[in-house]
Amino acid sequence: MNLCAHQPDQALCGVTAGIVLLFYAAIPLAFAVANPATNALPAAALLASFIGTGSSF
């Protein structure tokens, strides 16, 4: 499914989607940096799921 298929400016839509995915990735990364001993593994799992979701677009 192409989320940008019906957008007039598809390049801008792709950039916007990239920015949103980077923002979503920053949240678990911040948790991993704040307390790596506790949060590194869950943050890595979340980041992997976000990368998988982003690559499906």
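**Reading a predicted model**

Colleague: Why is phenylalanine 23 called exposed?

Modeller: Its relative accessible area is 53%. The word exposed is used for values over 50%, so phenylalanine 23 earns that label. Keep in mind that this is a predicted model.

Colleague: What makes tyrosine 24 partly exposed?

Modeller: Tyrosine 24 has 43% relative accessibility. Buried needs a value under 20% and exposed a value over 50%. Since 43% lies in between, tyrosine 24 counts as partly exposed.

Colleague: How many aromatic pairs does a search of the whole structure find?

Modeller: The search finds one. Phenylalanine 23 and tyrosine 24 form the pair, with ring centres 6.2 Å apart and planes at 50 degrees.

Colleague: How do you know that these two rings count as a pair, and why is the pair called tilted?

Modeller: Let's take the two values in turn. A pair of aromatic rings is described by the distance of the centres and the angle of the planes. Centres must lie within 6.5 Å, and 6.2 Å meets that, so phenylalanine 23 and tyrosine 24 pair. Planes under 30 degrees apart would be stacked and those over 60 edge-to-face; 50 degrees is neither, so the pair is tilted.

Colleague: Which residues make the nonpolar surface patch of about 510 Å²?

Modeller: Val20, Phe23, Tyr24, Ile27 and Phe31 make that patch. Phenylalanine 31 belongs to helix 1, which covers residues 10-34.

Colleague: Is phenylalanine 31 buried or exposed, and how do you know?

Modeller: Phenylalanine 31 has 53% relative accessibility. That is over 50%, so phenylalanine 31 is exposed.

Colleague: Let's turn to helix 2. Why is alanine 43 called buried?

Modeller: Alanine 43 is part of helix 2 and has a relative accessible area of 5%. The cut-off for buried is under 20%, so alanine 43 is buried.

Colleague: Which residues is alanine 43 in contact with, leaving aside its neighbours within four places in sequence?

Modeller: They are Pro28 and Ala32. The C-alpha atoms of alanine 43 and alanine 32 are 5.9 Å apart, although 11 residues separate the two in sequence.

Colleague: What makes isoleucine 51 exposed?

Modeller: Isoleucine 51 sits in helix 2, residues 36-55. Its relative accessibility is 61%, and exposed means over 50%, so the label fits isoleucine 51. Its C-alpha atom is 9.7 Å from that of leucine 22, 29 residues away along the chain.

Colleague: How many helices and strands are there in the protein chain?

Modeller: The protein chain has two helices and zero strands. Of its 57 residues, 9% are buried, and carbon and sulfur atoms account for 74% of an accessible surface of about 4,300 Å².

Methods: Residues numbered from 1 in each chain as written. Predicted model: local features only at pLDDT ≥ 70, side-chain atom pairs only at ≥ 80, totals over all residues. Heavy atoms only, no water. Helix = DSSP H or I, 4+ residues; strand = E, 2+ residues; numbered from the N terminus. Buried < 20%, exposed > 50% of the residue type's maximum accessible area, 1.4 Å probe, protein only. Phe/Tyr/Trp six-rings, centres within 6.5 Å; stacked < 30°, edge-to-face > 60°. Areas by Shrake-Rupley, 256 points an atom, 1.4 Å probe, with all protein chains shown as cover. Contact = heavy atoms within 4.5 Å. Patch = residues over 30% accessible without salt bridge, like charges linked within 9 Å, V, L, I, M, F, W, Y side chains within 5 Å. Salt bridge = Lys/Arg side-chain N within 4 Å of Asp/Glu carboxyl O.
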